[in-house]
Amino acid sequence: MNTVTQESTRQWQAADAQHFLHPFTDHAGLARKGARIITRADNIYLWDSEGNKILDAMSGLWCVNVGYGQQPLIDAATRQMKELPFYNTFFQTSHPPAIELAELLAQVTPPQFQHVFFTGSGSEGNDTIVRMVRRYWDIKGEPARKVIISRFNGYHGSTMAGSSLSGMKGMHDQGGVIPDITHIEQPHWFEHGRPQNLSREDFGLIAAGWLETKILEVGPERVAAFIGEPVQGAGGVMVPPSTYWPEIQRICDKYGILLVSDEVICGFGRTGHWFGCETMDVKPDLMTIAKGITSGYVPLGGVMVGERVARALIDEGGEFNHGFTYSGHPVACAVALANIRLIQQLDLVRHVREDIGPYLAQRFAELADHPLVGEVQSCGMMGAVQLVKDKAASTLFEPDLEVGMLCRAHCFGNGLIMRAVGDRMIVAPPLVMTRAQVDEMMALIRRCLDLTL
Ligand code: PLP
């Protein structure tokens, strides 16, 4: 490290501490340590301001599906900025990037989706879901149907509606939950099914049954929708039992409730199909999309609207009083088009399903012999390691024992970005990863687990 980079790192850290309020951050703690300044990226690697190379096993924040430095995305943004950097899609106007992207999304999403509503982020997407679901039931003459059911430990964003749909206690404690949103327990077999000696499949049916119990408690005539992530990401990569989602679908169908799949993380190939609902074999009415739609190169989100809701909105609803300045931003749409075409060209979805996903699963499974590891789970390019205090007895750590944070600190110091969610260590690396890179990542993960012992 030379003095120029040392000096600029110190200056950046000082200015950062003085002026920048970061998301989800304890600022007093950060100011004591100083932020790590990331300055450059290529393929699956990052470099910090001191020249250290880091393997990014989290794809930024679950989004850089095609990896960093992809020229077609850079060119698309440059071209679009020159041609038409901004125009809105309100007031009877449209533009080619948004139109072409809407058409392409109708091709790559499941067949019930022929329409998209664009937003700027996943949180705005889920806010849109709340308003659209309520609008749908108003149009259908059932305005009492307002309640949306989601899951504890699910994550759906940070706006008022997003944080209410999310099932994170820390967020609910700071700002509450808006009316007409209620939660059920997550399908976490290791915590709830294993202690009762239930098979994963039996537990999946029981966990889905909690939805029916909640519907009956609220009153079916008041329930509008159920929302969930196919695989809970921010909650710790919770891969549900195979029986869970089909049973959720059966229950939603039984009561006529809209099924919403939050595909902000699982979409665009991460689970080995274009969308996580396809991996879980369910047919949602609405899907939230963001992150992987542009591989995070520029912000973009949206809601895929299935025909059931689209027909009501278009044929019966008149004007839907909802939208954002950046709904269908031309540069974001141009980058999304280039990104989706690149996913197609590189055949990345098949790569995840048939090659790199199964290889990641195989290498992850080898971690099960580690003394700190109670369970490993993976789905496509998402993986989780459940840390345990006593392997033989499968005893979990006390919640306040920050073992995950310790492990994460070792990762940080050893050139690996891996995330800690309580006592689960998780990864979601770029889909372009090679087998050699999976091996490199696994060696780093094992080293960091050894250091945490
Ligand atoms: N939904 C899911 C499943 C997410 O993981 C996230 C973000 O991590 C969101 C919604 C919110 O997206 P954004 O941060 O773009 O608002």
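This report walks through two sheets, a few helices and two single residues in a predicted model.

**The seven-stranded sheet**

Let's start with the bigger picture. An open sheet is built from 7 strands, and its order reads β4-β10-β9-β8-β7-β5-β6, with mixed pairing. At the edges sit β4 (113-119) and β6 (181-184), each of which pairs on one side only. Going from one strand to the next, the twist averages 25 degrees.

Here is how three of the strand pairs in this sheet look, along with one pair from the other sheet, which comes up again further down.

| Strand pair | Sense | Bridges |
|---|---|---|
| β5 and β6 | parallel | 4 bridges |
| β5 (147-151) and β7 | parallel | 3 bridges |
| β7 and β8 | parallel | 4 bridges |
| β1 and β2 (45-48) | antiparallel | 4 bridges |

If you want residues to click on, try these. Arg 151 stands opposite Ile 184 in β6. Moving on to β7, Phe 226 there is the bridge partner of Ile 149. Then Gly 228 has Ser 261, in β8, as its bridge partner. Between these last two strands the chain takes a detour: from β7 it passes through α11 and on to β8, making a right-handed β-α-β crossover.

How many residues of β7 are buried? The count is 6 of 6, so to speak a strand that is mostly covered.

A helix also lies over this part of the sheet. α10 lies across β5, β6 and β7, and its direction makes an angle of about 145 degrees with β6.

**Helix α11, the crossover helix**

Now for the helix in that crossover. α11 covers residues 244-255, which makes 12 residues, and the distance from its first C-alpha to its last is 17 Å, close to the 16 Å expected at 1.5 Å a residue. Its buried residues are Tyr 244, Trp 245, Glu 247, Ile 248, Ile 251 and Cys 252. These residues are on the same side of α11, because they cover an arc of only 160 degrees around the axis. The general background is simple: an α-helix has 3.6 residues a turn, so residues three or four places apart point the same way.

What covers the buried residues of α11? The cover includes α10 (200-218), β7 (223-228) and β8 (258-262). Turn the helix around and you find the exposed residues Asp 253 and Lys 254, on the face turned away from the buried side. Just after α11 comes Gly 256, with a positive phi of about 70 degrees.

**Ile 181, at an edge strand**

Ile 181 belongs to strand β6. Is Ile 181 buried or exposed? It counts as buried, because it has 20 C-beta neighbours inside 10 Å and the cut-off for buried is 20 or more. Leaving out residues up to four places away in sequence, Ile 181 touches Ile 148, Ser 150, Ser 164 and Leu 165. With Leu 165, the C-alpha to C-alpha separation is 6.5 Å, although the two are 16 residues apart along the chain.

**Ile 74, by way of contrast**

Another isoleucine, Ile 74, lies in helix α4 (residues 71-83). This residue is partly exposed, with 13 other C-beta atoms within 10 Å. Between the C-alpha atoms of Ile 74 and Tyr 87 there are 20 Å, and along the chain the two are 13 residues apart.

**The four-stranded sheet and helix α16**

Back to sheets. A second open sheet has 4 strands in the order β1-β2-β3-β13, again with mixed pairing. Its edge strands are β1 (38-42) and β13, each pairing on one side only. In the β1 and β2 pair, Asp 42 stands opposite Tyr 45 in β2.

β13 leads us to helix α16 (residues 403-413), where Gly 404, Cys 407, Arg 408 and Cys 411 are buried. Why do these four share one side of α16? They cover an arc of only 100 degrees around the axis, which puts them on the same side. Their cover includes β12 (383-387), β13 (416-417), β14 (419-421), β15 (424-427) and α17 (435-452). After α16 comes Gly 415, which has a positive phi near 75 degrees.

Technical notes. Residues are numbered from 1 along each chain as its sequence is written. This is a predicted model: local features need pLDDT of at least 70, side-chain atom pairs count only at pLDDT 80 or more; totals for chains, interfaces and linings use all residues. The expected span of a helix is 1.5 Å times one less than its number of residues. A residue is buried if 20 or more other C-beta atoms lie within 10 Å of its own, exposed if 12 or fewer, and partly exposed in between; C-beta atoms are placed from the backbone. The arc is that of the directions from the helix axis to the C-beta atoms. Two residues are in contact if their C-beta atoms, placed from the backbone, lie within 7 Å. Two strands pair if DSSP finds at least two bridges between them. A crossover is right-handed if, with the strands pointing away from the viewer, the path from the first strand over the helix to the second runs clockwise. Axes are lines fitted to C-alpha atoms, for helices over the stretch in contact, and angles run from 0 to 180 degrees between N-to-C directions.
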